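Ready for a short tour? Open your viewer, turn on the cartoon display and keep the selection tool at hand.

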Amino acid sequence: MPGIIVKPRARIFHGHDWVYATEVRKTFGDPQPGDVISLKDYRDRPMGTAIYNPNSQIVARRISRRKQKLEKEFFDRRIAQAIAMRERSGVDLRLCRMIWSESDGLPGVVVDRYGDHVVLQTLTLAMYLNRQLIADALILAISPESIILRNDSPMLAAEGIEQEIVMMHGEKPAPFIVEAPTAEGGVKFEIDLMDGQKTGLYLDQLDAHAAIAKMAKGKRVLDCFCNQGGFALACAKAGAASVTAVDSSEVAIEATLRNAELNGVEINAVKHNAFDFLKHCEEEYDIVILDPPSFTKNKKTLMNAMRGYKEIHLRGIKLLARDGILATYCCSHHATRQLFLENIIDASVDAKRTLRMVASHGQRLDHPVIPAIPETEYLKGFVLEIVASR
Ligand code: SAH
C-alpha cells in the first residue's frame, strides 16, 4: 500500500488523526487523491491507515490504527458503533446526528437523521468516492425512506468535490413534521430537506433549547438569530409570557411562523438584522438568547469576530430586566471557551452589570468531542444571570 512518512512531533503523535502537508517527511508508492494509504513514523513503524488527498492542506486523515480498506464491512461496523454510542448517551435516535466525521471514525462523513429521512454529506474525497457504500450501509442499519446527498458545504472546494444535492435512495421527500423533545408535550418542526435555503434543524442545540425552555415560564423572551425558532418555540411551549424571535432571513422567519402555528403558540417573529434590532430595541426582556452563525471560519478574522460578539453581548445585557438571563452561544471552533467567556465579561464590565454563571452548555452528545482532536469541539454556550443592583 502506498503511504507517507510523518515528520517527528506532528500532531498525530499526540492523539490527533490528521496529517498536514507541512508534517509529511516523504511520500512513497505514488498514492492518488482519494486513495487509502498507510502512515508510518520516521522509524518506519506503522501508525495505521488514512485517506489521502494532496490537494487539501490536511493531506491525510487516519481512519484506523490498523490496516483497513474502505469496504462494506468497515462502513457497516463504524455505523453500528456510532449508533451504539448514541444509544448509550440517550439521545433520540430518530432525530439526531448519526455520524459525525472524525468523532465517529469516518472523516468527512456527516449524517443527520430526521425520522425516516437521512441527509448525508461527504466532505472528503475518499468518502465522496465511496458514497454508495456509505448509503448502502445506512440502508442496512436503519432502512430509511430516503437518503439525500447534500453536498453544499463551501468546504468541498478544498477537497476538489463538486457541490450537488441529489437523491441516493428513495423519492424526494415532501416537507414533513418531526417532534423534538425540547418542551413538555414536544415541539413540532416542519422539515423541508429539498429547500436549498434550509438546513433541516440545528440538532446540536436541541439540549440547549430544552434547558432554556425550563427557565422560560412567565418570562419575556428574546431569541436573536432564531433560524426556524428552536429556542423561541420551546420557550413559548413552556409557557413564556411573550416570545420575540429575530432573524435576518425571510425563509427563517416564515419557517418560525409556520412552526408557531403548528405548535399552537404565538411568536412575534421579526425579519431584521439582529445587530440593528438589539441597537434600537426599547423593550425589556427576562431572557435574551444570542445564537449567531460562526462569525469566523479562520484564525485571521478571529479578532473581528470577537468584536461582533462583544457588541451583541453588550446590547443584549442592556436589554435585560432585573434577574434577567443571558444565554449566549458561539459555534466557531477558533474562539475558545475561555476567549468567549472573557468576551462576555468585557461586555458586562462595559454595561456595569455583574453576571452570575447559571449553566455552561456545549454541543449535544450526538456531536461527540474527541479532546485529542480539538477541531471536533466547536459549540460553547453560557447561561448567565444579572446580579441585582451591585
Ligand atoms: N438558534 C437557532 C440556530 C441559529 S443559526 C437554533 O437553535 O436552531 C444562525 C441564524 O442566524 C441563521 O438562521 C441566519 O439566518 C441568522 N443570521 C445570520 N446573520 C444574521 C444577522 N446579522 N441578523 C439576524 N440573523 C442573522
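Start by selecting Tyr114 and His117: His117, in strand 9, is the bridge partner of Tyr114. Keep in mind as you look around that this is a predicted model.

Now widen the selection to strand 8 (residues 109-114) and strand 9. These two strands run antiparallel and are joined by six bridges. Together they make a hairpin with two residues between the strands. Click on Gly115 there, and you will find a positive phi near 60°.

Next, select strand 9 alone, residues 117-122. Are its residues buried or exposed? Six of the six are buried, so strand 9 is largely enclosed by the rest of the structure. Show the side chains too: His117, Val119 and Gln121 point one way, while Val118, Leu120 and Thr122 point the other way. Residues on both sides are buried.

Then add strand 10 (residues 146-151) to your view. Strand 9 pairs with strand 10 in the parallel sense, over four bridges. To see one partnership up close, pick Val119 and its bridge partner in strand 10, Ile148.

For the last stop, move to the ligand. Which residues come nearest to the ligand? Select Tyr202, Phe225, Asn227, Gly230 and Ala274, out of the 18 residues around it. Now colour helix 6 (230-237), strand 15 (242-247) and helix 8 (274-280): each supplies at least two residues of the shell around the ligand. Finally, colour that shell by residue type, and you should find 10 nonpolar, six polar and two charged residues.

Technical notes
Residues numbered from 1 in each chain as written. Predicted model: local features only at pLDDT ≥ 70, side-chain atom pairs only at ≥ 80, totals over all residues. Buried ≥ 20, exposed ≤ 12 C-beta atoms within 10 Å, placed from the backbone. Pairing = 2+ DSSP bridges. Near = placed C-beta within 6 Å. Nonpolar A, V, L, I, M, F, W, Y, C, P; charged D, E, K, R; others polar.
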